[in-house]
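Ready for a few exercises on a structure that may be new to you? Have a go at each task before reading its solution.

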Amino acid sequence: MPATILLAISLGDFIWLVIALFIMFSALSGVVLSLTWLERKVLGRLQLRLGPTRTGPMGLMQPVADALKLILKEDIIPASSEKALFWVAPIIVVISAFMIWVTIPGTQNAVIQNLDLGLFYIIAFSVVGILGLVLAGWGSANKYGTLGGLRAAAQLISYEIPIIMVAISMAMLAQSLDLREIVNGQDDYIYFLIQPLGLALFFIAGLAEVGRTPFDIYFAESEIVGGPFVEYSGAHWSVFFLAEYINTFAIAALTVILFFGGWSGPGLTGDWGIIYFLLKVYLVIMVIFWIRGTFPRLRIDQLMAFAWKVMVPMSFLTIVMTAVYQFYGWPAWSLTAMSTTGLVVVGIVIYKKMTAPSKLVAETRSRRAALEAQRRLPATGGGD
Amino acid sequence: MFNSLKGLVVTLVSTMNGLRAPVTRQYPDSGNLLGKRDEPTPVKDRFMGFPALTWDDEVGEPFCTSCMVCIRGCPTQCMTSVMKDNPLHEQEKSSRRKIVDSFEINLNRCILCGICVEVCNFDAIVMSHEHEMSTSNRNGDRLDLPALLEIGFKFQKDTDWIPPTKRVKVPKGGAAEESKTPAEAESP
Amino acid sequence: MTQTSENIVPNAEPVEMLLNMGPQHPSTHGVFRMVLWVDGEKIVDVVPHIGYLHRGSEKLCEGEQYNQVITLFDRMDYIANFNNEHVYVRAVEKLMGMEVSERSEYIRVILCELNRIASHMLFIATMGLDAGAMTPSMFCFRGRERIQGLFESVSGARMMHNYFRIGGLKEDVPDDFVAQVREVLELVKKDTEESDKLLSFNEIFLARLKNIAVMSAEDAIDYGLTGPCLRASGVDYDVRKAAPYSVYDRFDFDVPIGLDGDCWDRYYLRVQEVYQSIRIVEQALDQLPDGEVTSSLGRRLLRPPAGEVYVRGENPRGEIGVYLNSDGSDKPYRIKVRPPSFCNLSALRQMLKDSWIADSVVILGALDIVLGEVDR
Ligand code: SF4
Ligand code: SF4
């Protein structure tokens, strides 16, 4: 299907678009329901709990019950809030989240409107969501909300840059911004193999972009109690919730498309590839949940330092590597080598940065051991 | 870096453990993963639920003589009771000269401390295993004599209760204990 | 609030914002409230507000008989009930010049140390939650639950035990107590190791806690910090060692100390204390003598002689002191408690100054306050 110019679409196309959007909306809502259930179950199991068990078999109806509850709940609007902003913020967030999905292909054909500049479009729309978060924080006239909104702006914009850089280098590899082309470009080898550094950066920045642990700083429950969402309740809050999960799903889908060959896989051809696609996406999401169940949260200054001191330079490096590789037409393994070296460098940088306290700890421990040995000698003699 | 990865492994391993044997006990039943529902969540033998009055089966009357000792001993002053002459004593059926006429415990005030049980000289009050008694009205948990006796009777039946003063004293520090402690010390 | 903004922050710029944290904040560990002066994300100053959980426990004690007061002590530090009961019954016993049987002392120590473990496990759990990690809390609650189950089988209650009595215990422990404790200890050791592996040396956790709110030894002493917060600053002071009470002088255990005095030290010290407590309990189980545990006083109304005593003990949170003044009647004339949490909290302002908002919850968490004890 050639790119349609939106202004000149026929009535038939228009009806198709409406139907397709409707399908997308329902499908994504279903995905969100499944994700909330999955998240609770996976986290439960990581934490030796059971997760939901009471609503339906294995708690499968829990998300439905939650959704019903949220919709029926009273929607409290604080008296001192900026009503207009308070109302419009969730809508901005959720629309931007849905709009991204217009052009993400599930398979070669399962896409609502493929765009030649698909990647560009996605990046452009994902920035719009930030506006919604800032407005929500400001509009709810709550200091925690404001702090959260500002944190969101700082965090999301900082991590937008590495995402864009890595996406560009992937586009350079495929010589196209069209997501279908990018997937087709991975017929020989998936890009993860030749650009592991890109994957690492993209995944980390993606986590930050959707505010998952360890980057859930802008709504950190234990610090600023929900940040921009602190005053929201009922249906309004559920809209944010919806957007958050759709974004998580989108980041996982993009990771799969850019690095793991999208719907391609052995055995299944044509539109059956969507099975592979979903499988891969859910696996990536499981990893996200796994990370959530393991790590504590960073602090805002550490987060920003990490973004600007590690992520941004390294993502520039991916572009340079890819450019060199493309320009000289070197064999693929050379890029793999370069990228892996980069990854090692990143690892060392993180290691150095983050284990500075750890070294202190080791030092402290040895000093303490020495001290304790000293203290214990005259006291007990024999030890234990 | 390595410690973080180690942490990831720990959570993964715990998932495996969690799949095999989750530590959750579901309330009020102890249903397991497959939704099987077994016996209700058990309480320990010494569990102190709400206080209740006991029933003397031999005579067919409450143990309580309404002597007010527990009422004075209660740190929250949540009980009241009224005494009367025991009609059964006049008929020579019972050794109790006085008997409880009315008794009320405000369980919303009770802190389940067990002092009342400790001070009672007549084995008349027990800490039952009852612990789910929420009601939706303010004074719904003010229990009067029949209700208390009912809880107490259920407790007596469930646990084969013997009045503490009639229990055979296990010799303390005797041979039974002596032989057990070293044996257990070696076992682990 | 008696202080106005001018006299807290003399040169407060208009860009600074007043941020109210608590009493309904998930990370203030109860109903603590602090008003933070923040400049962006930096904390300029803090005004703590306490008293939301004030129940007048000390005054209530004056209206209760000596055996009833134990129930009030249960409810002061509601995470370390046995430790609280212990220090109170010791105070009355000292006043009456009473001898307590060996066996009951040993059982008391075992239960107190188990309670210390449970309390520290709760601390590790909440520390993880404050830093944003959810899983350690579940791991620790598993271990704590085991100990609580043990307490239930011993005293009949999971938290408000009312088990220690003046001159002994309420009743002897169940027959399988020793075996039960040994089993629980094994499991608890494993649980602690697991959460230790998961959390303690995690790089992000270290980055969040290391070099945060450093207190020098001098400062810590000046502020009257006790317990893990003091020892984290490198002061080797533990009432169990410094002035051994009960039967603590018969056990071989170490007092872990930190050297940097930062939040991570406060955290890790407690993890190590869990292991030390396990050691104590194991030794106590080995040495556990036979004998009577119930007091010869029976259920008689206690009338200690007129006089006053001050008794201290090592709670999980620090040194607890009980001042007891008796006028010879059946009710104490005055009871004053020196609660460790309250005294430790006094250092909050110095710790919080110039830290980040995100640090405030971690710092408060590392102090490990229990509001029931702070407000009494
Ligand atoms: S329960 Fe026992 S102590 Fe209380 S009034 Fe009855 S007989 Fe007396
Ligand atoms: S358990 Fe304690 S509070 Fe409750 S009635 Fe008995 S003495 Fe009073």
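**Exercise 1.** Sort the shell around ligand 2 by residue class, then find which residues come nearest.

*Solution.* Start with the classes: in this predicted model, the shell around ligand 2 holds eleven nonpolar residues and two polar ones, with no charged residues. Next, look at who sits where. There are 13 residues around the ligand, and those that come nearest are B:Cys74, B:Cys110, B:Cys113, B:Gly114 and B:Cys116.

**Exercise 2.** Work out how much area chain C and chain A bury between them, and which three residues of chain C supply the most.

*Solution.* First, count the residues in contact: 53 from chain C and 43 from chain A. Then take the area, which comes to about 4200 Å², with 60% of it on carbon and sulfur atoms. Finally, pick out the top trio: C:Met134, C:Ile204 and C:Leu259 supply 14% of what chain C buries against chain A, more than any other three residues.

**Exercise 3.** Find the salt bridges and polar contacts between chain C and chain A, then describe the side of chain C that touches chain A.

*Solution.* Begin with charge pairs: there are three salt bridges between the two chains. One of them joins the side chains of A:Arg299 and C:Asp359, at 3.0 Å from N to O. Now add the polar contacts, which link nine residue pairs with both partners at pLDDT 80 or more. Several elements of chain C give two or more residues to this side, including strand E1 (17-21), helix H5 (102-131) and helix H15 (357-367). H8(C) gives the most, with six residues. Last, split that side of chain C by class: 29 residues are nonpolar, eleven are polar and 13 are charged.

Note on methods. Residues numbered from 1 in each chain as written. Chains lettered and ligands numbered in written order. Predicted model: local features only at pLDDT ≥ 70, side-chain atom pairs only at ≥ 80, totals over all residues. Heavy atoms only, no water. Contact = heavy atoms within 4.5 Å. Buried area = accessible area lost by both parts, 1.4 Å probe. Salt bridge = Lys/Arg side-chain N within 4 Å of Asp/Glu carboxyl O. Polar contact = N/O pair within 3.5 Å; in protein donor to acceptor, adjacent residues only side chain to side chain. Helix = DSSP H or I, 4+ residues; strand = E, 2+ residues; numbered from the N terminus. Nonpolar A, V, L, I, M, F, W, Y, C, P; charged D, E, K, R; others polar. Near = heavy atom within 4 Å.
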